[in-house]
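Me: I've got a structure to get my head around and I'd like to go through it with you, bit by bit. Can we start once it's up on the screen?

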Amino acid sequence: MKALSRRTEQFTDSVIRRMTRISDEFGAINLSQGFPDFEPPSQITDRLQEVAKEGPHQYAITFGATNFREALAKKQKHFSGVDVNPDKEIVITCGSTEAMMASMMSICNPGDKVVIFSPFYENYGADTILTGAIPIYVPLKPPAFDFDADELENAIRQPGVKALVLCNPSNPCGKVFTRKELLMIADLAKKYDIYVITDEVYEHILYKPHEHVYMASLPGMKERTIVCNSLSKTYSVTGWRLGYVIAPPKIAERVKKVHDFLTVGAAAPLMEAAVVGLEFKDDYYESLQKHYTHMRNLFIGGLKNIGLTFTEPQGAYYVLLDISEFGYEDDNVFCEQMIQKVGVAAVPGSSFFREDVNHLIRFHFAKQDATLLEALDRLADIKKKMRK
Ligand SMILES: Cc1ncc(COP(=O)(O)O)c(C=O)c1O
């Protein structure tokens, strides 16, 4: 048999999904893969029932149903202050996952370089491989996850750099970039004429006093910012696969074509049902923040009581636990054993870092109180059960 593609042979199984499989095998509480175990807003699911009867059930316009794009443009203007043309500057995709892939394919040639902060959401590595681009990693240094401005500039100034990927708020480290940091990144993007591809799926999951600053809202940045985002986290509908790209017309035009050939379009009935979510008033986003703040406080309060060391997220819904005290060299082994001995699943932090970091593991806390309390109950014995 002939060899399969060279481009994809470096792919490994997603570590997150492997942890989920092991977790299921041992009946552990799965705090590895990040999705909520609570219901989406009932207005959206009620609307879905109506749509099931009314339709649409056939292909929507490839770059997204008109009413969905119009509602999204209004929401984006409301929160970011940036005017968005719903016909020329929006492409609705199958999740932010496709949005990122279609964006990279639209701007990168094989051999182009893309700057990525490390730790990073694991899909970015695969996205660069599929587009033939070369990732250059710039460390966000634990425990504060700051970056060095010179290190960033040295990466961006390399010949062939086309774009920087900015995950803000950040998975896995929970960093929310400050306005000052974003202005510094924006200045470099303009100075070296590169695009900024943002991943803003956690834009509404923030903990006070942290605030989300939209890269596209900074001076001179709308024209070089490609926003990737989705409804997955904001409306607790990770399975609906509704995402989007917002970009200047020339780029959006290209993304529309890539998206058309990749997937044709997002699911028409789900777009129709989700419009009610895009039209929610501010109180929805305020209660979402309150709910996440509650879950965060419950979970990190519990970790504190157990006497563990961890990062306190500024945004998103992940905690990085420092496992140095347990004496393991390999965080994969630690996580596999924790599933079996403690009954709680996490993701080995090394899967997010380009650097040699093996002392952090990632929990997510988008879970009902009962699930979090049961997980904390099991973790209460972690020091006894996991110390080598
Ligand atoms: C940073 C980040 N980007 C993108 C995604 C995937 O989003 P979507 O469900 O819209 O494809 C995730 C999911 O966990 C994520 O954490």
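Reply: Sure. One term before we start: two strands count as paired if DSSP finds at least two bridges between them. Also keep in mind that this is a predicted model.

Me: Okay, in what order do the strands of the open sheet run?

Reply: The sheet is an open one built from seven strands, and their pairing is mixed. From one strand to the next, the twist averages 25°. Reading across, the order is β2-β8-β7-β6-β5-β3-β4.

Me: Which strands are the edge strands?

Reply: Look for strands that pair on one side only. That picks out the two ends of the order β2-β8-β7-β6-β5-β3-β4. The edge strands are β2 and β4 (134–139).

Me: Which residue in β5 stands opposite isoleucine 116?

Reply: Start with the strands: β3 covers residues 113–118 and β5 covers residues 161–167. These two pair in the parallel sense over four bridges. Opposite isoleucine 116 you'll find valine 165.

Me: And what angle does helix α6 make with β4?

Reply: Helix α6 (residues 123–131) packs on the sheet, where it touches β3, β4 and β5. Helix α5 (residues 95–107) packs on the sheet too, and its direction makes about 30° with that of β8. For α6 against β4, the angle is about 150°.

Me: Now the helices: is the crossing of α3 and α10 left-handed or right-handed?

Reply: First find the pair: α3 is residues 42–54 and α10 is residues 268–278. Their axes come within 8 Å and cross at roughly 145°. The crossing is right-handed.

Me: How many nonpolar residues are in that contact of α3 with α10?

Reply: The α3 side includes Ile44, Leu48 and Val51, while the α10 side includes Pro269, Ala273 and Val276. Sorted by class, the contact also has two polar and two charged residues. The nonpolar count is eight.

Me: What do the buried residues of α10 pack against?

Reply: Among the buried residues of α10 are Leu270, Met271 and Leu278. Glu272, Ala273, Ala274 and Gly277 are buried as well, and these four also belong to the contact with α3. The buried residues pack against α3, α4 (66–80), β2 (90–94) and β8 (242–246).

Me: Last one: which element gives the most to the shell around the ligand?

Reply: 13 residues surround the ligand, and the closest are Gly95, Ser96, Thr97, Ser230 and Ser232. By class, that shell has three nonpolar, nine polar and one charged residues. The element giving the most, with three residues, is α5.

Notes
Residues are numbered from 1 along each chain as its sequence is written. This is a predicted model: local features need pLDDT of at least 70, side-chain atom pairs count only at pLDDT 80 or more; totals for chains, interfaces and linings use all residues. Axes are lines fitted to C-alpha atoms, for helices over the stretch in contact, and angles run from 0 to 180 degrees between N-to-C directions. A crossing is left-handed if the near helix is turned anticlockwise from the far one by less than a right angle, and right-handed if clockwise. Two residues are in contact if their C-beta atoms, placed from the backbone, lie within 7 Å. Ala, Val, Leu, Ile, Met, Phe, Trp, Tyr, Cys and Pro count as nonpolar, Asp, Glu, Lys and Arg as charged, and the others, Gly among them, as polar. A residue is buried if 20 or more other C-beta atoms lie within 10 Å of its own, exposed if 12 or fewer, and partly exposed in between; C-beta atoms are placed from the backbone. A residue is near a molecule or strand if its C-beta atom, placed from the backbone, lies within 6 Å of it.
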